[in-house]
Amino acid sequence: MPRFIISFNDGDMQVADDEWQQVADESHAVVREAKAAGVWIFGGGFHSYEPVVVTENGAVTQGPITKSDVVLGGFSVLEVGDADEAYYWAAKIAKSCRCPQEVREFIDDPESVN
């Protein structure tokens, strides 16, 4: 089955200070629903934007690789029947997170065992 990443950029969530708990509760409810449906693989958000870059020779430096105004804020990886089902879940996530979601399909890995 195809796998999709559903994500949003840091700063896209425009939530009032007194609404964060409600957003968290609603988002966690969608995750529980996706787990119960058997489509949830993995997901999460990030504490801060402090990436580390590891080069081909193993050197470790402070990142990012390239400066950008777009920074990943959070993501969900789902395994669903098709793109329409991914869009269904993206809409649920968008509603709970109060922001649009970007949906991208992973390239099939012929070596993976399902």
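**Close-up views of helix α2 and serine 76**

**View 1. Helix α2 from end to end.** Helix α2 holds 15 residues, 83-97, so at 1.5 Å a residue it should span 21 Å; the C-alpha atoms at its ends lie 20 Å apart, which agrees. Please keep in mind that this is a predicted model.

**View 2. The buried side of α2.** Which residues of α2 are buried? They are Ala86, Trp89, Ala90, Ile93, Ala94, Ser96 and Cys97. Around the helix axis they cover an arc of only 165 degrees, which puts them on the same side of α2. A handy rule helps here: an α-helix has 3.6 residues a turn, so residues three or four places apart point the same way. The cover over the buried residues of α2 includes β1 (3-9), α1 (20-37), β5 (72-79) and β6 (102-105).

**View 3. The face of α2 turned away from its buried side.** Look here for Asp84 and Lys95, exposed residues carried by this face.

**View 4. The two ends of α2.** At the N-terminal end, aspartate 82 acts as a cap for α2: one of its side-chain oxygens lies 3.2 Å from the backbone nitrogen of aspartate 84. Just after α2 comes arginine 98, with a positive phi of about 65 degrees.

**View 5. Serine 76 and what it touches.** Serine 76 sits in strand β5. Is serine 76 buried or exposed? Its relative accessibility is 8%, and buried means under 20%, so serine 76 counts as buried. Leaving aside residues up to four places away in sequence, serine 76 touches Phe4, Ile5, Ile6, Trp40, Phe42, Gly43 and Ile93. One of these, Ile93, is also among the buried residues of α2.

Definitions and conventions: Residues numbered from 1 in each chain as written. Predicted model: local features only at pLDDT ≥ 70, side-chain atom pairs only at ≥ 80, totals over all residues. Heavy atoms only, no water. Helix = DSSP H or I, 4+ residues; strand = E, 2+ residues; numbered from the N terminus. Expected span 1.5 Å × (residues − 1). Buried < 20%, exposed > 50% of the residue type's maximum accessible area, 1.4 Å probe, protein only. Arc of directions from axis to C-beta. Contact = heavy atoms within 4.5 Å. Polar contact = N/O pair within 3.5 Å; in protein donor to acceptor, adjacent residues only side chain to side chain.
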